[in-house]
Amino acid sequence: MKINPVRGTHDLYGQQVLKYKTIQDLINDYSNVYNFEEIITPIFESTELFKKPLGENSDVVLKEMYTFKDKNEDSITLRPEYTTPMIRAAISNNLLNKLPKKLYGIGQMFRRERPQKGRYRQFNQINFEILGTHDVSADIELIILANNFLKKLLPTKKIDLFINSLGDKNTLSRFNIALKKYFEKNKEKLSKDSQNKINTNPVRILDSKDPIDTEINTKAPKICDFYSSEANEKFIKVQEILKNMSVDFSINPNLVRGLDYYCHTVFEFKTSDLGSQDTLIGGGRYDGLTKLLGGPDIPGVGWAGGIERLMMLMDDIKSLEKKIHLIINNESFREYGLKIANQLRNADINIYFDYKYNLKKSLAYANQLGSEYAIIIGDEEFQNNICTLKNLNKNVQEKKSIENIIKDLSK
Ligand code: HAM
């Protein structure tokens, strides 16, 4: 019986694991210098954690959540994103008594979207959140962190930063009324999906990737015409600081993000190398969210990046580790071989033990694996308590004590 992976899921192996680990290591380094604390939360949560905060009419909640009833009839959802679980965990564990709180997390998310290049039903995200400050420095710090991380990971790729402001609560409600009027007037020209959103959540129509909606969206009212003076000042400050810090960006007045919890600054880092799934990192402010989740009335700002999309842009990684093959010529030297392997590994030397007990077959296999050295144990080596160290690239070999081999390989 052959069981295939579930549609939209994928296994990571070989180069993908090396790339995944490179991202993970880099993120751990950045979190350290930017002073973010790691948090690891469960993969599933109560469904209500996501429904209202992400938006009852958002695509994620309407179509994409993996929701099921547990045996005791509780509604459970596999997390589609990490911001709400991280805030839930901060509230549950009383982590919000010293503010601002800076948290980061790496892990799997689940969305039942139509699978395509760069879009999966289970994928991995990096997530950074700052809870408890209105200061635009937090927005800037997060954008700079993302910018520096992307430059370090993908130094040769062209990645563009787009920003916008969604203003405060008042801005959004006035903007929604204007959008509703505008889309109502142009209803016939919109896609079916967007027509259904006119009354429930017209701002979501601006997210539409359907080409039918593009023209109507370009001519739609712009959110900047609805900013309060305070929201406007805040957005201008963000732009000024980014310019002064030499961070290149463009303003995209139609950037509204796909989730309902955002306000003020929103941003996305995009590439033109991945086709339609072009957003590498997306984020913004969510000032009412912690209160909505039953916590204190504190603001927040953060971003998430898709690990699979980042991996797709990375060059292959060469392992720097020396590959060393242990060849035991005859099964009767097995125990001696195991002891030698143990000694080498205790000295932090990586050893491949192949269980073939046949010089010819083992050498052929070591070459297939691209090993640099073979350590060979035959009759003479066994009797004299030594080994042969063979450099497979140079085709030279020498008999040595195990202590001298350890010295040579540790260089
Ligand atoms: P998001 O834009 O929904 O935001 O997702 C962030 C990133 O996750 C995307 O830019 C993309 O790289 C990756 N991503 C999303 N869906 C998929 C998928 N189906 N397959 C592969 N990669 C995907 C959020 O999740 C917010 N929680 C970000 C945030 C944090 N806002 C504030 N704090």
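Colleague: Which helix gives the most to the lining of the second largest pocket?

Modeller: In this predicted model, the second largest pocket holds about 680 Å³ of space. Its lining counts 29 residues, and those closest to the centre are Lys169, Leu172, Asp260, Tyr261 and Tyr262. At least two lining residues each come from α2 (48–54), α6 (169–185), β9 (263–271) and α10 (289–292). With 4 residues, the element that gives the most is α6.

Colleague: How many residues of each class, nonpolar, polar and charged, does the lining of the second largest pocket have?

Modeller: Tyr counts as nonpolar, whereas Asp and Lys count as charged. On that basis, the lining of the second largest pocket divides into 11 nonpolar, 9 polar and 9 charged residues.

Colleague: Is helix α5 mostly covered or mostly uncovered, and how many of its residues are buried?

Modeller: Helix α5 spans residues 136–153 and reaches 26 Å from its first C-alpha to its last, close to the 26 Å expected. At its N-terminal end, Asp135 acts as a cap, with a side-chain oxygen 2.7 Å from the backbone nitrogen of Ser137. Buried means under 20% relative accessible area. The helix is mostly covered, and of its 18 residues the number buried is 13.

Colleague: Which side chain has an N or O atom 2.6 Å from a nitrogen atom of the ligand?

Modeller: Of the 27 residues around the ligand, the nearest are Glu81, Thr83, Glu113, Tyr120 and Tyr262. A backbone polar atom of Trp303 lies 3.4 Å from a ligand nitrogen, and a polar side-chain atom of Glu129 lies 2.9 Å from a ligand nitrogen. The side chain with an N or O atom at 2.6 Å from a ligand nitrogen is that of Glu81.

Methods. Residues are numbered from 1 along each chain as its sequence is written. This is a predicted model: local features need pLDDT of at least 70, side-chain atom pairs count only at pLDDT 80 or more; totals for chains, interfaces and linings use all residues. Side-chain values use heavy atoms; hydrogens and water are left out. On a 1 Å grid over the protein atoms alone, a cavity is a set of points where a 1.4 Å probe fits but cannot get out, and a pocket is an open set with protein on both sides within 12 Å along at least five of seven lines; lining residues have an atom within 4 Å of a point. Grid points are joined across faces, edges and corners, and a volume is the space filled by probe spheres set on the points. The expected span of a helix is 1.5 Å times one less than its number of residues. Buried means under 20% relative accessible area, exposed over 50%, partly exposed in between (1.4 Å probe, protein chains only). A polar contact is a pair of N or O atoms within 3.5 Å; within protein, one must be able to donate a hydrogen and the other to accept it, and residues adjacent in sequence count only if both atoms are side-chain atoms. A residue is near a molecule or strand if one of its heavy atoms lies within 4 Å of it.
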